[in-house]
Amino acid sequence: MLMLMLAIVLASTFKRLPVSYSFANSAFKGGTRSHRKESLSLSLAKEEKSTFGIFPGKDFKPSTIFVLGGPGSGKGTQCEILSKKLGYVHLSAGELLRKERLSGSKDGALLDEYLKEGKIVPVEISLNLLTKAMIESGGERFLIDGFPRNSDNLNGWKQLIGHSVEVSGVIYLDCPEEVLIERILSRGEKSGRSDDNLSSAKKRIQTFNSSTLPIIHHFQECGLLLRVDGSRDIEAVTKSCAVEIEKAMAKEVISLTSTLISLALRGDKDSYNKLCMEGSIGIGGNSLPADSPLEVEQFCAEERSVESVLLSDVNVRFAGEKVAIMSYIRDEKQGQRFHETRVWFSDQGKWRL
């Protein structure tokens, strides 16, 4: 069975359409999805090959969604479920620190003191552990829970990692203090964690309110915050998180499609193929070559001497949980217009065409 990786439908007689951007937000009602529309246009041109800091050799920024909330809000539980459901790599700042604490390293004793007191550990330690885990995972899409926890964390991220990774959204699991304490004490009966007790819980909640809530407000001002009521049962919270995350997923697909077109314009076969699933097949119309998606795109571009394009009427919709379909109108300076559709698949922390 052939899988359609790239569909290019040529049409030179399109009417002028309004510029819009819409994406499904996974609100299923009667078997349908509701859509939100925003104005969007993308201007793309040939670019020189670039790399992004801690991810050498990549022509695009891997994406990250931060998941924040008070202790016991369900960050780890939700990330574990959502990473499998939506194809992300889950990294827990807290778990990485706890593993380092038990590793016998020179930072172990220091971490033990910080975690028992409910304090936020030095940003250098957290960032080193996160960076190492991101690289070793081989992924390009991350759910990071429990980070950034304060302004020091945020500033450290911006200075050391921010230029290498795109933050596409921030989930905030909003949960009342009494629910957090009840969950922590209940978890402490099973977890064996030294910080799952009433005294540490109150200290951690106090630290969260004084240090992390200002960061959450910062992300809200940046238009990145995706607030979810975390006091409900696990299934209800997961459903709401998935609705919010799909908005961030649409941004990821648009960014990757933009990168893909830029790679085609400059004829970078190796980089282009890295974004395609192994054995992917390009399907062309009007007697176009069909050996690979890139060959179809290069043929079209060379025939028309294309060096830049404008994308408009962009629409991203989702078929299931790991398939994104992006369609748009492609305008070229020669006055020609084309409708293109690309199908992206999410697997093992990556989108692939």
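## Aromatic pairs

Across the whole of this predicted model, a search finds 5 aromatic pairs. One of them joins phenylalanine 66 to phenylalanine 219 in a tilted arrangement, with the ring centres 6.0 Å apart and 45 degrees between the planes. This pair links distant parts of the chain, since phenylalanine 66 belongs to strand β5 (residues 63–69) and phenylalanine 219 to helix α7 (residues 198–221), 153 residues apart. Both phenylalanine 66 and phenylalanine 219 are buried.

Phenylalanine 147 and tryptophan 157 form an aromatic pair that is likewise described as tilted, at 6.1 Å from centre to centre and with 50 degrees between the planes. Phenylalanine 147 lies in the loop between β7 (141–145) and α5 (151–160), while tryptophan 157 is in helix α5 itself, so the pair ties together parts of the chain that are 10 residues apart in sequence. Phenylalanine 147 and tryptophan 157 are both buried. Ring pairs link Phe66, Phe147, Trp157 and Phe219 into a cluster, and this cluster thereby includes a residue of strand β5 and a residue of helix α7.

## A charge over a ring

An aromatic ring also takes part in an arrangement with a charged side chain: the charged end of arginine 141 sits over the ring of tyrosine 88, at 3.9 Å from the centre of that ring.

## The loop between β7 and α5

Phenylalanine 147, already described as the partner of tryptophan 157 in a tilted pair, is followed by a cis peptide bond, which runs from phenylalanine 147 to proline 148 and has omega near 0 degrees. Proline 148 is placed in the loop between β7 and α5. As background to this, most peptide bonds are trans.

## Aspartate 313

A further backbone feature is found at aspartate 313, a residue other than glycine whose phi is positive, near 50 degrees. By way of context, most residues other than glycine have a negative phi. Aspartate 313 is found in strand β11 (residues 308–318), and its relative accessible area of 25% makes this residue partly exposed.

## Helix packing

Helix α7, which carries phenylalanine 219, packs with helix α6 (residues 177–191) at an angle of about 140 degrees, with the two axes 10 Å apart. That angle makes α6 oblique to α7, and the crossing of the two helices is right-handed. On the α6 side, Glu177, Leu180, Ile181, Ile184, Leu185 and Arg187 take part, and these meet Leu198, Ala201, Lys202, Arg204, Ile205 and Asn209 in α7.

Helix α4 (residues 123–137) and α5 have axes that come within 10 Å and cross at roughly 50 degrees, which makes α4 oblique to α5; the crossing of α4 and α5 is right-handed. Val123, Leu127 and Met134 in α4 meet a set of α5 residues made up of Asp152, Asn153, Gly156, Trp157 and Leu160. Trp157 thus appears in this helix contact as well as in the aromatic cluster with Phe66, Phe147 and Phe219. For helix α2 (residues 93–101) and helix α3 (residues 108–116), the axes come within 8 Å and cross at roughly 130 degrees, so that α2 is oblique to α3, although here the crossing is left-handed. The residues that meet are Leu97, Arg98, Glu100 and Arg101 in α2 and Gly108, Leu111, Asp112, Leu115 and Lys116 in α3.

## Alanine 248

Alanine 248 is found in helix α8 (residues 234–266) and, at 1% relative accessibility, counts as buried. Leaving aside neighbours within four places in sequence, the residues in contact with alanine 248 are Ile65, Ser168 and Gly169. Alanine 248 and glycine 169 are 79 residues apart in sequence, yet their C-alpha atoms are 5.7 Å apart in space.

## The chain as a whole

The protein chain contains 10 helices and 14 strands, and buried residues make up 52% of its 353 residues. Among contacts in the chain with a separation of 6 or more, 70% are accounted for by residues 24 or more positions apart. The pair of phenylalanine 66 and phenylalanine 219, 153 residues apart, is one link between distant parts of the chain.

Conventions
Residues are numbered from 1 along each chain as its sequence is written. This is a predicted model: local features need pLDDT of at least 70, side-chain atom pairs count only at pLDDT 80 or more; totals for chains, interfaces and linings use all residues. Side-chain values use heavy atoms; hydrogens and water are left out. Rings of Phe, Tyr and Trp (its six-membered ring) pair if their centres lie within 6.5 Å; planes under 30 degrees apart count as stacked, over 60 as edge-to-face and the rest as tilted. Helices (H or I, at least four residues) and strands (E, at least two) are DSSP runs, numbered from the N terminus. Buried means under 20% relative accessible area, exposed over 50%, partly exposed in between (1.4 Å probe, protein chains only). A charge sits over a ring if NZ of Lys or CZ of Arg is within 6 Å of the ring centre and within 35 degrees of the ring normal. Axes are lines fitted to C-alpha atoms, for helices over the stretch in contact, and angles run from 0 to 180 degrees between N-to-C directions. Angles under 35 degrees count as roughly parallel, over 145 as roughly antiparallel, 65 to 115 as roughly perpendicular and the rest as oblique. A crossing is left-handed if the near helix is turned anticlockwise from the far one by less than a right angle, and right-handed if clockwise. Contact means heavy atoms within 4.5 Å.
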